[in-house]
Amino acid sequence: MNDTVTADLFDGKYPIRVPVALRCDGLNLVVTRSGTENRYAFGELRVSPRVADSKRFVDLPNGEQLLCPNAAWLDRLPAQVASEGFVAWLEQRWAVALSCLALLVILLSFGYVHGLPVVARAIAKTIPLEREQAFGTRLLETLDRQHLFQPTNLDAKTTGAIRSAFHELVAGLPAERIARVEIRRSELLGANAIALPGGTIVVADELVDRATPDELSAVLAHELGHVEGRHALRQLLQASTVALVVATITGDATSSSVAISSIPMLLDASYSQDLENEADAFAFELLIRHDISPDAFASIMEKLGKDHDSFSTPFDSHPSTEERIERARNAAKDRAR
Amino acid sequence: VVGGEQTGFAISAVASATVSQPETPVRTSQSPERLSFEFVGSTKDYFRVWIVNLLLTLVTFGVFSAWAKVRKKRFIYAHTLLDGTPFQYTAKPIPILKGRILAATLFIAYYLTSNVFTVALPYVLIIGAFVLPWIIVRSAAFNCRYSAFRNLTPSFDGTYFDALKVTFLMPAIPAFIAMTLLQSHLDISDHKDTIILGLIALAFSVFVPFWFRDQKKLVTTHTLLGEQRGNFTVSHRAIFNSYAAAGLLAFAPILAFTVFGILFSAMGNPYFLIGFGTVMAFFGYLTGIAFLQAKLGNLIWMNVSFGGLFFRPALRARDMWWLYLSNGVAIIASLGLLVPWAVVRMLRYRASRLNPILEGEWTVFSGGANATVAAAGAEAGDIFDLDFSL
């Protein structure tokens, strides 16, 4: 810098702008303030990190501060914060920004489709099912205490039949040691069953009332698919990772927009559908092994599907009922062959 | 339509500021001067800052987020000009990182005790209630200490006990703890339980606006610009009214929908009704939040001053409504790519509507004491989404 530039000086005592002229003289900065010249060696100055093309702050040894238009010579001064220089260099370049964008797109889409489900499955394998039990027990206790689950109205004969059907299905599976079935009356659940973390499957009275024994076995086999596949834990791992990544990307905009908190839910839906399909496939195989046709699964889905005339979107937690029925029918046909 | 009352309020605020000015602005030391205040960062520049720091944060599994925060804050401060001079952000990443680790630990403790080790939940909540005042004071002190304007740094002299008083005087936090603990023991078939929980929830929703106001007052009145202590004159009643009006606005569409739903349920397709109800609830929420943010922003800034420095904010609910909606849609549709655009738009709007005015001379803000403050408190406030900045 051979030419003189103007800058603002702030004395640190009053927030008042003092216009000064700056000029470089070798490795010295000459500050001219109302006719008076002060010389500072570059080594005694400290410059703030570069931020886009904004003005930069230069600390003088006497506690005063200069506000200078950004210029190349500023990079020759010692930095206030050494570590930021490299990031600032990256931020200046469009080539870097576009490469980052390309990398992010590849990283995130690969991670979402192939990476995270594989990692979650591998982690779930290393954690024994017993570790989940506290979660499931606590959940069941809470639902019971809040009377969202109520004691079953079914007679001992019916519940005994359900239990023996369950034990028959679970015999020989790795989860046999820990899985159990509970029967509850619940408006919340409706005609359905649910697998809690830790291998407890809850069956609702309403389902038992409406299902044939084979159909009930089909539902139990599906829920056992969730237990065997460690779906509760995998879902938790996947959903929390998705939530963290989405929060990292959109976090800056939480106070300047609405509805972005729905993004993780939309992304989790496809994972949830994958797990349902996996549980269905497991169920078909298990049913065939016990000499029950997967048609039983199709017929109970048809029965329950009539409750709500369904239209499906990619963002539903379950795959479309028609698809699931079709797969069950195909599995039944394959078995007949 | 949303901001009818809001706009009137803002206009009268600006009018009163204008009236107090002489017809021909003669620049004497006493005439109030409207200071320029603007955000001049460009979306393109911020996009580059954002994407570089985002990638580095993700590939380091979040460790870099402390550095990223400093870079983004620096950008925002450096492009916010008051009277033509940019602000300066001077925090270092390492204390922020330490704070984030502490905050993550607290969050995990809360998550585990509310889901698995529920026996320990009361203890965690009570400890949390006593840690919260510390977080409030530390964040305020941190925000002051590492911000600078014209080589001067604001100082904060609030103490833990000041914040403790605020936390327990308007018992929003105790009500929240009671609510959380009762919820897990709730028996919906027992009406007495439900009524007690309902009453506590009602008390909570009344106390929240009061608590919010008391916190803002604490932070403002303990912040010093040079020797000028902050002055805060927002009443409890005004804050409560803002929240109540926003609440009514938010629930109006749902109420209308319920009436509609009852009238048409006989012929209606249940999926159509559910879909329509969701849309109504969303727009109710959007309207309520836009109204509340505009109203609160105006109310608070209107009643905050430091010496001769005061503000005549003119946020409009309908502008906020449109910004929130268009930003949200743009972010979802662009899979997050338009986050920097959304951020810059909102910063520009908010800055353009603050209208700071200086009566007297800058010389009254002579330099104050400088003290280093640990960043831990400020970061714990960050992750729990408690924004204590005005």
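User: In chain A, strand 1 (residues 5-10) and strand 7 are joined; how many bridges do that, and which residue stands opposite A:L67?
Analyst: This is a predicted model, where local features need pLDDT of at least 70, side-chain atom pairs count only at pLDDT 80 or more, and totals for chains, interfaces and linings use all residues. Residues count from 1 along each chain as its sequence is written, chains are lettered from A in the order in which they are written, and side-chain values use heavy atoms, leaving out hydrogens and water. Strands here are DSSP runs of E, at least two residues long, numbered from the N terminus (helices are H or I runs of at least four), and two strands pair if DSSP finds at least two bridges between them. Strands 1 and 7 of chain A run antiparallel with three bridges, and the residue opposite A:L67 is A:D8.

User: What lies between strand 6 and strand 7 of chain A, and which residue in the turn has a positive phi?
Analyst: Strand 6 (residues 56-59) pairs with strand 7 of chain A in the antiparallel sense over four bridges, with A:D59 opposite A:Q65. The two form a hairpin with five residues in between. The turn residue with a positive phi, about 90 degrees, is A:G63.

User: Are the residues A:Q65, A:L66, A:L67 and A:C68 of strand 7 buried or exposed?
Analyst: A:Q65 and A:L67 point one way from strand 7 of chain A, while A:L66 and A:C68 point the other way. Buried is under 20% relative accessible area, exposed over 50%, and partly exposed in between (1.4 Å probe, protein chains only). By that rule, all four are buried.

User: Why do strands 8 and 10 of chain A each have one side without a neighbour in the sheet?
Analyst: Four strands of chain A make an open sheet with mixed pairing, in the order 8-9-11-10. Strand 8 (150-151) and strand 10 (193-195) are at its edges, so one side of each lacks a neighbour, as each has a single partner strand.

User: How much area do chain A and chain B bury between them?
Analyst: Contact means heavy atoms within 4.5 Å, and 65 residues of chain A touch 69 of chain B that way. Buried area is the accessible area (1.4 Å probe) lost on putting two parts together, summed over both. Carbon and sulfur atoms carry 68% of it, and the total is about 5600 Å².

User: Which residue does A:E91 meet in a salt bridge?
Analyst: A salt bridge needs a Lys or Arg side-chain nitrogen within 4 Å of an Asp or Glu carboxyl oxygen. The rule finds four across the interface of chains A and B. For A:E91, the N to O distance is 2.7 Å and the partner is B:R71.
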